[in-house]
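Trainee: Could you walk me through how the labels on a structure are earned, one value at a time?
Mentor: Gladly, let's put it up and begin.

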Amino acid sequence: MQPSPPAPEDLDIDTERPTAARAYDYLLGGDHNFASDREMIRQAMEFMPDLPIQAQANRAFLHRAVTYLAGAGVRQFLDIGSGIPTRGNVHEVAQLAAPDAKVVYVDIDPVAVSHGRQLLAGDPHTTVIQEDARNAAEIINHPDVRSLLDFTRPVAVLMVALLHVIPDSDDPYGMVTTVRSVLAPGSYLAIAHGTGDGRKDAERLVEISRQTPTTMTLRDRAGVLRFFDGFELVEPGLVWAPEWRPESPDDVPAEPARTSSNYVGVGRLT
Ligand SMILES: C[S@@+](CC[C@H](N)C(=O)[O-])C[C@H]1O[C@@H](n2cnc3c(N)ncnc32)[C@H](O)[C@@H]1O
């Protein structure tokens, strides 16, 4: 049974202002969200009714990527911008393939962190830390991260639907470079990143996201590709979310750009 959601008064959070984590939870059918989050999604769905499908396509990519990485022998995962736990969390997917897989979850959102801690209490293979991804050096040197992950061995770093909430002024490329600097050869980076390519309505979504503390910065294909500097993209490269190693060709819709809005890829450090 899922633990009940933490009470907002116990977390000292502003329930009047929506957050990316809680809005995304709502899109995925979760119950760790508040009226402000639901209202923001309602506004966005007036012009982008396929938003829940985009969220599901992103989540499905995350599952396939983790399954792929576990199959490739990776036993350590650093999931930055991990979100509020929901069905098919990274440790569940990874441990299905490799029961000894270790997972560190990192998120800035207190609801995500609190619920993650509740869910994972007593699991020695996982940990959750509350940290801002922009403090990449703090993350890679955090004692809880260091005690669970061995950076002399391959680690898969997941930044799935995270980097598009980091503006250029906060140097998201430098953030990725800092994390990359501690990774051993054979490590991986998995990214899903929102884009305006192929969609005229995307800028309206950016406007809506100004209600949250994390305004979106959509990047084009070249801008997303740049995050993989130093990594070698595994097949099929940087593609729309449903196109990345689908379980069946039938899973790829006729218009993947419309049903995704996310470029995704997995790169290997050689
Ligand atoms: C859309 S959710 C994605 C969750 C999960 N990675 C997935 O794809 O299913 C984005 C997450 O990034 C988190 N986030 C946003 N800015 C962040 C930051 N600066 N540092 C850490 N996490 C952040 C949000 O709180 C949210 O939980």
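What follows is a talk about terms and the values behind them.

Mentor: This is a predicted model, so local features need pLDDT of at least 70 and side-chain atom pairs count only at pLDDT 80 or more, while totals for chains, interfaces and linings use all residues. Residues are numbered from 1 along each chain as its sequence is written, and side-chain values use heavy atoms, leaving out hydrogens and water.

Trainee: Why is Gln 54 called buried?

Mentor: Buried means under 20% relative accessible area, exposed means over 50%, and partly exposed lies in between (1.4 Å probe, protein chains only). Gln 54 has a relative accessible area of 8%, so it counts as buried. This residue lies in helix H4 (residues 51-71); helices here are DSSP runs of H or I with at least four residues, strands are runs of E with at least two, and both are numbered from the N terminus.

Trainee: What does Gln 54 touch?

Mentor: With contact meaning heavy atoms within 4.5 Å, and not counting residues up to four places away in sequence, Gln 54 touches Met 48, Arg 199, Arg 258, Thr 259, Ser 260 and Ser 261.

Trainee: Ser 261 has come up, so is Ser 261 buried or exposed?

Mentor: Its relative accessibility is 7%, so Ser 261 is buried. Ser 261 sits in the loop between S7 and strand S8 (262-269), and has a positive phi of about 65 degrees although it is not a glycine.

Trainee: What makes Asp 171 partly exposed?

Mentor: The relative accessible area of Asp 171 is 43%, which falls between the two cut-offs, so partly exposed is the right label. Asp 171 also has a positive phi, near 55 degrees, in a residue other than glycine. Look for Asp 171 in the loop between strand S4 (156-160) and helix H9 (172-180).

Trainee: How do you know that Asn 33 makes a polar contact with Asp 25?

Mentor: A polar contact is a pair of N or O atoms within 3.5 Å; within protein, one must be able to donate a hydrogen and the other to accept it, and residues adjacent in sequence count only if both atoms are side-chain atoms. The side chains of Asn 33 and Asp 25 make such a contact at 2.9 Å, and a polar contact of 2.7 Å joins the side chains of Asn 33 and Arg 38. Asn 33 is found in the loop between H2 and helix H3 (35-47), and at 8% relative accessibility Asn 33 is buried.

Trainee: Which polar atoms lie close to the ligand's own atoms, and at what distances?

Mentor: A side-chain N or O atom of Asn 58 is 2.9 Å from an oxygen atom of the ligand. A backbone N or O atom of Gly 81 lies 2.7 Å from a ligand nitrogen atom, and a polar side-chain atom of Asp 107 is 2.6 Å from a ligand oxygen atom.

Trainee: What makes Leu 78 stand out in the largest nonpolar core?

Mentor: A nonpolar core is a set of buried Ala, Val, Leu, Ile, Met, Phe, Trp, Tyr and Cys residues joined through side-chain atoms within 4.5 Å. Of the 50 residues in the largest one, Leu 78, Ile 80, Val 157 and Met 159 touch the most other members. Apart from that core lies another, of 31 residues, among them Ala 70, Val 93, Val 128 and Val 160.
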